[in-house]
Each structure stands twice: as structure tokens, then as C-alpha cells.
Amino acid sequence: MSELLQSPLQVGSMRLEGRLFKSATSETRATSDGFVTDDLLAFYEPMAVAGTPMIVTGNLYVSPQGKSAGRQAGIDSDDKVPGLREWVSVAHTGGSKLVAQLNHGGRQIAQLAPGADRIVSASDVREPLYGTKPSPLRLAEIPGIIDSFAAAAARARAAGFDGVQIHSAHGYLLSQFLTPHTNRRTDGYGGGLEGRARL
Ligand SMILES: Cc1cc2nc3c(=O)[nH]c(=O)nc-3n(C[C@H](O)[C@H](O)[C@H](O)COP(=O)(O)O)c2cc1C
């Protein structure tokens, strides 16, 4: 078993030196406007020092509209790149690969962040935990959502991350599109699985 855990693994162009990974955990240790803090880096340092082959960050919001929690870290603007670079540097010091998890919270957000216009989702199905009633994304807004993920991935690359992981689970926006319960759309982004998975 330990031999298998210590054997290398190729994931796309990324070579991992072992198979013990830290999965994404939203730490909420960033500043209130999403910048990396020493507190956040201190959480990651022991994992890197221990040589964890791959570390996935907690989910990072790709736009203010997609910010789901207070003190969540963001990857939504270029001025966040220097802090993100420090995060990469901590991980690389121990030889870990660092993967940025990109997310848009959709309707599952505690509070609308400054700079966000409104709470959106695939359809207007009320969120059971926070009680928010989202407004459905207009068709013309969908390219902007895609662009926000693409721009976030470009920032991850600029900061030196080894990869990105697109969060499509746990009730966030992409999950809201995937499941027919929250996706009642009748356009090309709803209906059968192919439509719901299109985004
Ligand atoms: C505090 C906490 C925060 C989490 N945040 C995220 C997250 O941001 N993104 C994600 O995909 N999973 C998140 N998860 C889920 C974990 O990555 C993991 O899938 C889950 O804990 C199950 O793994 P385990 O059985 O090894 O604990 C979180 C889990 C915990 C406990």
C-alpha cells in the first residue's frame, strides 16, 4: 500500500511524486476582500514542508458575484496575483504541486459581496440553507461566466500554479446547472444532461 502511495502519477502534463493529496478545503483565512494572508499561508506550510505531492486550494471565487463566504480567497482580479504567487512559493518550497480550485457560488452564497450585482443561478429555485432566491442567468450573461473562469485560470498560470480544478459539485453554480432540481431552463443550457452540462 505505502509503495503505491509513494509511486509517481502523471496527471496531464503534471507529474506528481506520490499519491497522497490534500483535497480542497475552504479555509476562510483570506482578508475580507479575498487577498492571501499570512494566516492562510501558515495553514498550508506544514503540508508543504511534509512534502504532500499535491495540494488543492480551498475554492477560490472567480468573480465577486461568485463569492460564497466571508474571508474566502479570491482569484477574481489581477491585484490578487502577488499574494497567490506567495501561496505557490510556500507549496513549492516543500516540493508540492499546487492546484487552484476555481468556483462560482451561484445561489449558494451567504451574503452578496461588494461589486456583485445580484445572486444568480440556472433558475430561480430558492436556496434552502441561506434562503436566497436567485435570479436566472440571462443567456447573454453566460459568456461572462465562462470568461470569469478563463480569466481566473490565466491568473492561476501567471501566479505559477501547477493546475486548476473547476468546482462542479457541492451545490455551487456549475452543480446548479448540472442538476435538474435547480436547472429548469428551456434554452440550450437546460433540459437533458447535455444541455445542463454545457456550461
Ligand atoms: C472545512 C471543509 C471545507 C471544504 N471545502 C471544500 C472546497 O472548498 N471545495 C471542495 O471541493 N471540497 C471541499 N471540502 C470537501 C473536501 O475536499 C473532501 O472532499 C471531503 O472532506 C471528503 O473527504 P474526506 O472523506 O477525506 O474527509 C471541504 C471539506 C471540509 C471539511
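This is a short tour of a predicted model, from its sheet to its helices and ligand. Local features require pLDDT of at least 70, side-chain atom pairs count only at pLDDT 80 or more, and totals for chains, interfaces and linings use all residues. Residues are numbered from 1 along each chain as its sequence is written.

**The sheet.** Select strands E3, E4, E5 and E8, which form an open sheet in the order E3-E4-E5-E8 with parallel pairing. Strands (E, at least two residues) and helices (H or I, at least four) are DSSP runs numbered from the N terminus; two strands pair if DSSP finds at least two bridges between them. At the edges, strand E3 (21-22) and strand E8 (163-166) each pair on one side only. Next, display E5 (residues 97-103), which pairs with E8 in the parallel sense over 4 bridges. Ala 100 has Val 164 in E8 as its bridge partner.

**The helices.** Add helix H3 (residues 81-93) and H4, whose axes come within 8 Å and cross at roughly 55 degrees. Axes are lines fitted to C-alpha atoms, for helices over the stretch in contact, with angles from 0 to 180 degrees between N-to-C directions. Now select Val 81, Leu 84, Arg 85 and Val 88 in H3; these meet Arg 155, Ala 158 and Ala 159 in H4 (contact: C-beta atoms, placed from the backbone, within 7 Å).

**The ligand.** Finally, select the residues around the ligand: Ser 23, Ala 24, Thr 25, Ser 26, Gly 58, Asn 59, Gln 101, His 167, Ala 169 and His 170. Each has its C-beta atom, placed from the backbone, within 6 Å of the ligand.

Conventions: Two residues are in contact if their C-beta atoms, placed from the backbone, lie within 7 Å.
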